[in-house]
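Visitor: I would like a close look at one part of this model, the place where two chains meet. Could you walk me through it and then through what lies behind it?

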Number of protein chains: 2
Amino acid sequence: MTQHKVISFETIRVACRNCNLATLCLPMGLCPEDVERLDGIVKRSRPLHRGDYLFRSGERFRSLYVVKTGSVKTYSPSEEGGEQVLGFHLPGEIIGLDAIEKDCHICSARVLETSAICEIPFARLEELTCCIPSLQHQMFRLLSKEIGHDTDMLLLLGKRNAEERLAAFLLSLSRRLQKRGLSPYDFYLSMSRHEIGNYLGLAVETVSRLFTRFQDEGLLHVDRKHVMIRDISGLESIVGHQPLEGNQQRSS
Amino acid sequence: MTQHKVISFETIRVACRNCNLATLCLPMGLCPEDVERLDGIVKRSRPLHRGDYLFRSGERFRSLYVVKTGSVKTYSPSEEGGEQVLGFHLPGEIIGLDAIEKDCHICSARVLETSAICEIPFARLEELTCCIPSLQHQMFRLLSKEIGHDTDMLLLLGKRNAEERLAAFLLSLSRRLQKRGLSPYDFYLSMSRHEIGNYLGLAVETVSRLFTRFQDEGLLHVDRKHVMIRDISGLESIVGHQPLEGNQQRSS
DNA sequence: CGTAGAGTTGAAACCCATCAACCCACGTGG
DNA sequence: CCACGTGGGTTGATGGGTTTCAACTCTACG
């Protein structure tokens, strides 16, 4: 809990620089007045708190959501209370693109820590994309990017062992934080070990063991949710270290 | 090889019913003249043969591709000749959506058997989507659908054991063939065991063992690439059989 | 008929999940 | 103020599902 205050201090600073949506995720190729129009349809909500829902699986799809500060997890709940974590979303990232097809949400989204979220009514966004070709193109790119990201995850889950998965996860966090102007080497995890394991297809115990192993190997220092990366190229070499032909387990 | 002839007979019959693109993947909400315009930008190429490339990783992105008959695999080649199979694409399915973001292909696509493929120049498609709001909406849905599909795969690779993965794979093929008017119970695999294993994150040997086990259990009959599903609900119960809370390995 | 590649089958090793116990931080209430 | 309970996190031992290695069969093809 105390950690959340720390990450909030960080993120609030950044929030000032990211006041409008365009800056967050649809930045390129728009003239100022189009940015204005885009900004005009964005709803800003009061801050949400840990555990609050953006939407629940099965609900009618109305809006996309953009994280301004804080973090959000998406997951698909299965009967019996079990759940599959689908992603963690940091500032500047968009949520809800998977709901467009069926016009209803197929996953749930909950806030992991106190967060500021923008809401973009999709119907109004579509009106704009019709008029603004460059905005339409950005939307296509955005959707395409999501597909590319899922592809990466697919590769991670299909071909990488536990060590590689956690290293890739940490590097992904690090890079995404850096992109938002936060420290890529020193950050707090807003999700539990259980959620990390669930996301990476690993048991909690495996995640825990790997954190301690990484620390023992001097790759990082970890204290509960506080992570400090000491040897980022070491982590990168774990991920880059591609087995030649073999499949899942380490083959060289 | 003899099998390929058989699947060709089947697919050629269907080809006649799927002459234009709109029927294949952008069917809804278009008036006849818009369908006409859409159809106007589609290039039809001569049949491609096993091993032919639709595009290679790294190439400039120009067009989307739609499978009319036959099948295509997409994969991301890694150095050293290893590859990760990303998907198998059957008639009516679209390829290349992941390339929009970076404006260059991040995976390669090769034809698995003699196939007919439509090419849709993306720049021209975007001109149309600007003018035709319902077409734009269909494009958004199409991209969103791809994300949803990737999500399913993510769940498969992250939480399912080998048995569940192969069962899900076979059911997916079965349903997609049925959607195109082909038999959901009797079909030929156009991909090798190696490619199936690669796709599902399993070793070839595991795939082979599972095929024989499924056959022993009366779920299906398999002779090389020829698959006959005997107990589809049996396969469904393997997939539906969700572990309550546990992660990867079978937990009940 | 001989080679090559795909597919199958068996035995052994191994990564990781599972089970269990324990530690620690935190909040509650006596 | 401290005992207590709870939930998250860690650590150890064990077992199991899959990979890996290896040998073999079968088909295709020259």
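How many salt bridges does the rule find across the interface of chain B and chain A?

Guide: Happy to take you through it, and please keep in mind that this is a predicted model. The rule finds zero salt bridges across the interface of chain B and chain A. Salt bridges do occur in the structure, with 19 of them over all chains. What the interface does have is polar contact: 18 residue pairs between chain B and chain A, both residues being at pLDDT 80 or more.

Let us look at the side of chain B that touches chain A. The elements giving two or more residues to that side are strand E5 (83-89), helix H4 (122-131), helix H5 (133-159) and helix H7 (193-200) of chain B. H5(B) gives the most, with 20 residues. By type, the residues on the side of chain B that touches chain A divide into 19 nonpolar, 19 polar and 13 charged. Charged residues are thus present on this side, while the salt-bridge count across the interface of chain B and chain A is zero.

Now for the extent of the interface. The size of an interface is often given as the accessible area lost when the parts come together. Here chain B and chain A bury about 4,500 Å² between them, and 58% of that is on carbon and sulfur atoms. In chain B, the residues that lose the most area to chain A are Glu101(B), Phe140(B) and Leu154(B), which together make up 16% of what that side buries. Counted by residues, the contact takes 51 from chain B and 51 from chain A.

One of the interface helices also leads us into the fold of chain B. An open sheet of four strands there has the order E1-E8-E3-E6, with antiparallel pairing. Its edge strands are strand E1 (43-44) and strand E6 (94-95) of chain B, each pairing on one side only. H4(B) packs on this sheet, where it touches strand E3 (63-69) and E8 of chain B, and the direction of H4(B) makes about 65° with that of E8(B). So that you can place the edge, E1(B) pairs with strand E8 (residues 116-121) of chain B in the antiparallel sense over two bridges. Within that pairing, Lys43(B) has Glu119(B) as its bridge partner in E8(B).

Chain A gives us a salt bridge to look at. Side chains of opposite charge can pair when their charged atoms come close. Glu119(A) forms a salt bridge with Lys43(A), with the closest N and O atoms 3.9 Å apart. This pair links distant parts of the chain, since Glu119(A) lies in strand E8 (residues 116-121) of chain A and Lys43(A) in strand E1 (residues 43-44) of chain A, 76 residues apart.

Back in chain B, there is another sheet to visit. It is an open sheet of three strands in the order E9-E11-E10, with antiparallel pairing. Strand E9 (186-188) and strand E10 (220-223) of chain B stand at its edges with a single partner strand each, so one side of each has no neighbour in the sheet. From one strand to the next, the twist averages 15°. E10(B) is joined by four bridges to strand E11 (residues 226-229) of chain B, the two running antiparallel. Among the residues involved, Leu220(B) has Ile229(B) as its bridge partner in E11(B). Helix H6 (residues 162-179) of chain B packs on this sheet and touches E9, E10 and E11 of chain B, its direction making about 105° with that of E9(B).

Methods:
Residues are numbered from 1 along each chain as its sequence is written. Chains are lettered from A and ligands numbered from 1 in the order in which they are written. This is a predicted model: local features need pLDDT of at least 70, side-chain atom pairs count only at pLDDT 80 or more; totals for chains, interfaces and linings use all residues. Side-chain values use heavy atoms; hydrogens and water are left out. Contact means heavy atoms within 4.5 Å. Buried area is the accessible area (1.4 Å probe) that two parts lose on being put together, summed over both. A salt bridge is a side-chain nitrogen of Lys or Arg within 4 Å of a carboxyl oxygen of Asp or Glu. A polar contact is a pair of N or O atoms within 3.5 Å; within protein, one must be able to donate a hydrogen and the other to accept it, and residues adjacent in sequence count only if both atoms are side-chain atoms. Ala, Val, Leu, Ile, Met, Phe, Trp, Tyr, Cys and Pro count as nonpolar, Asp, Glu, Lys and Arg as charged, and the others, Gly among them, as polar. Two strands pair if DSSP finds at least two bridges between them. Axes are lines fitted to C-alpha atoms, for helices over the stretch in contact, and angles run from 0 to 180 degrees between N-to-C directions.
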